[in-house]
Amino acid sequence: MTGEQATTSGTRTGSTPSVIHEGLPTQLPDIDPDETHDWLDSFDSLVDERGRERARYVMLRLLERARQMQVGVPALRSTDYINTIPPEREPWFPGDEEAERRIRSFIRWNAAVMVSSANRKGLEVGGHIATYQSSASLYEVGFNHFFRGKDSDTEGGVGGDQVYIQGHASPGIYARAFLEGRLSEDQLYRFRQEVQHGPGRGLASYPHPRLMPEFWEFPTVSMGLTGINSIYQARFNRYLHNRGIKDTSQQRVWAFLGDGEMAEPESLGAIGVAAREELDNLTWVINCNLQQLDGPVRGNGKIIQELESTFRGAGWNVIKVVWGREWDPLLASDVDGVLVNRMNTTPDGQFQTYSTESGEYIRDHFFGVDPRLRAMVEHMTDQQISKLPRGGHDYRKVYAAFDAATKHVGQPTVILAKTVKGWTIDALEGKNATHQMKKLTQDDLKKFRDRLYLPISDRDLERSYEETGAAPFFHPGPESPEIAYMMERRAALGGSLPKRVVRAKPLTLPGDKTYAELKQGSGKNAVATTMAVVRLLKDWVKDPEIGKRIVPIAPDEYRTFGMDAMFPSAKVYNPAGQQYESVDRNMLLSYKESAQGQMLHEGISEAGAMASATAAGSAYATHGEHMIPFYIFYSMFGFQRTGDSIWAMADQLARGFLIGATAGRTTLTGEGLQHADGHSPLLAATNPAVVHYDPALAYEVSHIMRSGLERMYGEGGPDGSGENVIFYLTVYNEPVRQPKEPDDVDVEGILRGMHRVSPASGEGPKVTLLGSGVGFPWVEDARRMLAEEWGVQAETWSVTSWNELARDAIEAEEWSLLHPGEEPRTSYVEERLVDVEGPVVAVSDFMRAVPLQIARWVPGDYRVLGADGFGFADTRPAARRYFHIDAQSVVVQALQALADAGQIDRSQVEKAFQAYRIDDPTAVAGVEQEGGDA
């Protein structure tokens, strides 16, 4: 039966037929049409006799009762533009509201003065005043009543909540720390001046753990990353708990975000994960001041309603804090629903205008549109109307929301708090340009002081300007009742926040036996470096000391990388377990999920995988537990797609392994342009915390991975608790025969970036060939061809890290610059190549720019081949011939360099060029390849 033919039974005459709408199953058979007809008639009578507003109210109450009775009806996507928690359901407020108001005043003042003073003439280093002023009540409710500190230990590790502070609100957090005695007045004056006064004497612009490692815990100012990282942090907390590594049941993740920030895909992209995994240990607080940097977030719409629909649809618990308590009597008298309707239909752009206008304007333009509305406020003065507050500034309303969030079970909670950007500062409140306003005049500050009721005289203010060019900070004294109160509250909650603590102890790491297999070579078999890495990972997982601390992570590619063999034993983590029969349950390598699973399977989400790697890699600080993330991915979709997340991971001082598998411009055969990675080492080189290696041989993999464990999880680093670095390995899916490790293996060379594999021997012209990754077999083949066919002797070097060689050389030059009276340092590249004979030719499966990083320090003539340009789909031989990077191209390049040096006749180069046809990919059309699948 079509929709046009559907029955209209029970509908009013002339109405449209029943349809499936909003998830209500109207197509189900009616087992009692007469009873249904009675209910519909009753509803029609309600509408006719009491009006639509009354009918709407009754329907909402019925839906509420249906949910209470666990009747399966869909939830509303949005509710009225009023507070979710009515006054009669607000809990008793346990604090001293007047003391807390004064504390907020102190913090507001110091935060604003800090930014304003940072922009005094001659300094002008920027900052943001308005964000914290709009969110002060949100933070202070948390600090005084909810945020658990690091000293609230749980059994087996660091306790406390994890609080993501909105980046632009950092001045307020510094201002609170100043009152607590954690920061000095000099440090506040040195906001955004991190080096000119000496180490540790200034303050970072935003939350940056790398810059203030004992203060900040989470970097948050890259818009969007707070959202996704906080979700995966809460999920990782559950992962640790479910696997029995640490009891995290009393820990909560709080994330403070802005309504404009919600436009970033990473902000909302993972909210379904939080709902699906029932992360009721997660609370988001979105500061809805209705403004982004240039103007309204939704001038013609309502961002709170939009976000409510989004989060409700995703399965979150939504709490709206829209209006302060002064609105309660007005809403209680709204018997006709006219006030709620006005609230529902007024766009955000107009509300922003109301925040800057007089009470008279609001009376005329908001209340004046309906006589019933105007009558509601006829007893109020214009000043009272102008002071009707938004909910995010009402301490009791915010407390009620936080309290409800912490008690809610089975869902993450988002609190949508409506505020005014720049609240309490007349010069800033609600103005479009408020985000860019960084200076306050003396008149601005005097008005601000008066509004906060601070005991600062005009003369004190003027004298401070005369002496420092800025207003004075205010501290009531360490013995004042306000400071005693705030310190008592933090002591009761487990100490001051934010605070980063490292309590994890170095791990007992695997010994030589674990690495022996990779050093034996592959015999007659061909093994790709991806498989070598995965084989070592499996041995690590079996280790009695570190095995349980390995966190395998993949974005739906475990099978691609040969890790499906781990499914039956390590299992895929799923907090709900496996509630179905797997289609491959009768197979040896069946897919298995478990609440105690070790493998994090992130679906097709590199962003989610990076968030998991960050949470795992920083667990040594956030939880006092070393965890070892092993995130393996298509190398093209690592730094190129999630470089910002990797930067934030480094800022968070996280550690771990990033494995860029299927690397190279030509090695991931057949996949084409979007998959062919020819440049990730260059992107990795831009991150100071990333240590990149491009190993060619399995025994190199063993030493590099072991070095990574020892540096990050052993007793390395300045304080003996490990280095805050990230190891990035590019590995390949092309099987090659792996040689046995030689007895005289140069381990130092492998780890520092290059080691000689084959020396030159015999008579004739000499060349030196450098290769990395899959490019090393090409130089080995070229070495043989040069000797057998052209009488040229070549030595070959495996370059395990162009990046580390370049970094070492730059550091040597930097040291020499700063020590002009001492003997200049020599780079490792110069040391190793000082005695080479003839030209040097380098090749890799990456762009020329990768080996060219060391060009300045390579002695003599240096020639580089590389895969510059976009990738494409074809066989490896064809692609390598196209880019002129195969063994034949290396031979021609070496001969050309020798000819240019006058060591051979140029006709030899022409002869080789014609013989090998290196300009013609059709010349290798029939060449077979091995291991062609992804």
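For sorting linings, I count Ala, Val, Leu, Ile, Met, Phe, Trp, Tyr, Cys and Pro as nonpolar, Asp, Glu, Lys and Arg as charged, and the others, Gly among them, as polar. The model I'm looking at is predicted.

**Entry: largest cavity**
I looked for enclosed voids and got four cavities of 30 Å³ or more. The largest comes out at about 60 Å³. I pulled its lining, which includes Arg665, Glu671, His675, Phe872 and Asp874. Sorted by class, that lining gives four nonpolar, five polar and three charged residues.

**Entry: second largest cavity**
Next I checked the runner-up, with a volume of about 50 Å³. I find Asn83, Thr84, Ile85, Glu90, Ile319, Lys320, Val321, Lys397 and Ala400 around it. Strand 4 (317–321) and helix 17 (395–407) each put in at least two lining residues, and strand 4 has the largest share with three. My class split here is four nonpolar, two polar and three charged.

**Entry: strand 7**
Then I turned to strand 7, residues 550–554. Five of its five residues are buried, so the strand is largely enclosed by the rest of the structure. I checked side-chain directions too: Ile550, Pro552 and Ala554 point one way, Val551 and Ile553 the other, and all are buried.

**Entry: strand 7's partners**
Which strands pair with strand 7? I noted strand 11 (residues 628–634), parallel over four bridges, and strand 10 (residues 600–601), parallel over two bridges. On the strand 11 side, I see Ile553 opposite Tyr631. On the strand 10 side, Ala554 has His601 as its bridge partner.

Technical notes
Residues numbered from 1 in each chain as written. Predicted model: local features only at pLDDT ≥ 70, side-chain atom pairs only at ≥ 80, totals over all residues. Heavy atoms only, no water. Buried < 20%, exposed > 50% of the residue type's maximum accessible area, 1.4 Å probe, protein only. Pairing = 2+ DSSP bridges. 1 Å grid on protein atoms, 1.4 Å probe; cavity = no way out; pocket = protein on both sides within 12 Å on 5 of 7 lines; lining within 4 Å. Points joined across faces, edges and corners; volume = space filled by probe spheres on them.
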